[in-house]
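Let's take a look at what goes on inside this protein. We'll start with its aromatic rings, then move on to the cores and the empty space.

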Amino acid sequence: MTDDQRPGEFELIERYFAPLAGPGGLDLRDDAGLLRPGRGYEVVVTADALVAGVHFFPDDPPAAIGWKALAVNLSDLAAKGAKPDGFVLTIALPRDWTEAWLKDFAAGLGKLAEQAGCPLIGGDTVSTAGPLTLSVTAFGMVPAGRMVRRAGARPGDVVLVSGTIGDGALGLVVHGPDRPGWVAALDDEQRRFLADRYLHPQPRIALAEALQRHASAAMDVSDGLVGDLAKLLNASGVGAEIDLDAVPLSAPARAALMADPALAELAWTGGDDYEILCTASERDYSALIAAAAERGVPLAPIGRIVPEAGAVRYSGKGGGQGFARGSFSHF
């Protein structure tokens, strides 16, 4: 299709993005969107940029790219205890984009938007001579004064993490073009599971209210458990003792680590989990686990907060451990 045959910006918006808009999007025909926070609520705002070749493979399925662009933002809102309310999308399309690609991208984006109750309310569509670049800004609502920050952890608090850790980083390798030998040790179902965890992260929106009620601090695990824990501890001015044997792993991740024990470091530091890392007091953490379980989300205690600012002691069957790198780097 030549440039002359391609639909223009407004036709693209009408065809692929207007169907995703909620009332606040004003049919995507105005200069801006509209949010109406209820009385006694505050607006939580988060933004993430994703660039082809940095945050995903350029040939990843377009529906998965659309899903992930929104999912990473919803994960941030969930960690703050916020209910999603709407998002804006900026997409810079490379010169070789096709309508078939854009249709599938919008379908994946719209599927998660509908599932999360988070409609599109605005954005921008442009072309670029560089790689595909996406930016989503998402808005959520939280009762006034109830947003869960990184800075609330206190000595004696229990450190917890949702779901399982390491699947996203391992799935990136399984899905990628260069597959090391350990991938062959997994069966087809295990490989599919790990790849899907990379392609379709599941933001823990169901945990929002439980975190509001019971957590002292929280953030999502996007860049790796080790590095993201360090961010939470630095914000709170505390340290931690972490039992790596208590960190939950899926059966496919365990199979990968059995095939190559050196993968443990990738699991702890690789990122792409989009689970919730949080802390709660000794008094509250059992109630937090119970509230999460009612929502179908497992929470596992993995350690304790200690007073020494920035000090982290990792232990496990192999004794004290350290890591060559802390997390995924965006640069």
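## Aromatic pairs

This is a predicted model, and a search through the whole structure turns up two aromatic pairs. To describe such a pair, you give the distance between the ring centres and the angle between the ring planes.

Take Phe-57 and Tyr-198: their ring centres sit 6.4 Å apart and their planes meet at 65°, so this pair is edge-to-face. Where do the two partners lie? Phe-57 is in the loop between β1 (41-51) and α2, while Tyr-198 belongs to helix α6 (residues 188-199), so the pair ties together parts that are 141 residues apart in sequence. Are the partners buried or exposed? Phe-57 has a relative accessibility of 23%, so it counts as partly exposed, because buried would mean under 20%. Tyr-198 has a relative accessible area of 1% and is buried.

Now for Trp-101 and Phe-105. Their ring centres are 5.2 Å apart with the planes at 10°, so the pair is stacked. Trp-101 and Phe-105 are four residues apart in helix α3 (residues 99-116), which means about one helical turn separates them. Both Trp-101 and Phe-105 are buried.

## Nonpolar cores

In soluble globular proteins, nonpolar side chains tend to be buried together. Here, the largest nonpolar core has 40 residues. Which residues have the most contacts inside it? They are Phe-17, Phe-87, Leu-89, Ile-91, Leu-102 and Phe-105. You've already met Phe-105 as the stacking partner of Trp-101.

Quite a list of elements feeds this core: α1 (9-17), β1, α2, β2 (83-94), α3, β4 (133-143) and α6 each supply at least two residues. The largest share comes from α2, with nine residues. There's also a second, separate core of 37 residues, and Val-183, Leu-233, Val-238 and Tyr-314 are among its members.

## The cavity

How many cavities of 30 Å³ or more does the structure hold? The count is one, and the space in this largest cavity is about 40 Å³. Its lining is made up of Leu-50, Phe-56, Asp-60, Ala-64, Ile-65, Lys-68 and Leu-199.

What kinds of residues form the lining of the largest cavity? Five are nonpolar, two are charged and none is polar. Helix α2 (residues 62-79) provides the largest share of the lining, three residues. So α2 turns up twice, with the largest share of this lining and the largest share of the 40-residue core.

Conventions. Residues numbered from 1 in each chain as written. Predicted model: local features only at pLDDT ≥ 70, side-chain atom pairs only at ≥ 80, totals over all residues. Heavy atoms only, no water. 1 Å grid on protein atoms, 1.4 Å probe; cavity = no way out; pocket = protein on both sides within 12 Å on 5 of 7 lines; lining within 4 Å. Points joined across faces, edges and corners; volume = space filled by probe spheres on them. Nonpolar A, V, L, I, M, F, W, Y, C, P; charged D, E, K, R; others polar. Phe/Tyr/Trp six-rings, centres within 6.5 Å; stacked < 30°, edge-to-face > 60°. Buried < 20%, exposed > 50% of the residue type's maximum accessible area, 1.4 Å probe, protein only. Core = buried A, V, L, I, M, F, W, Y, C linked by side-chain atoms within 4.5 Å.
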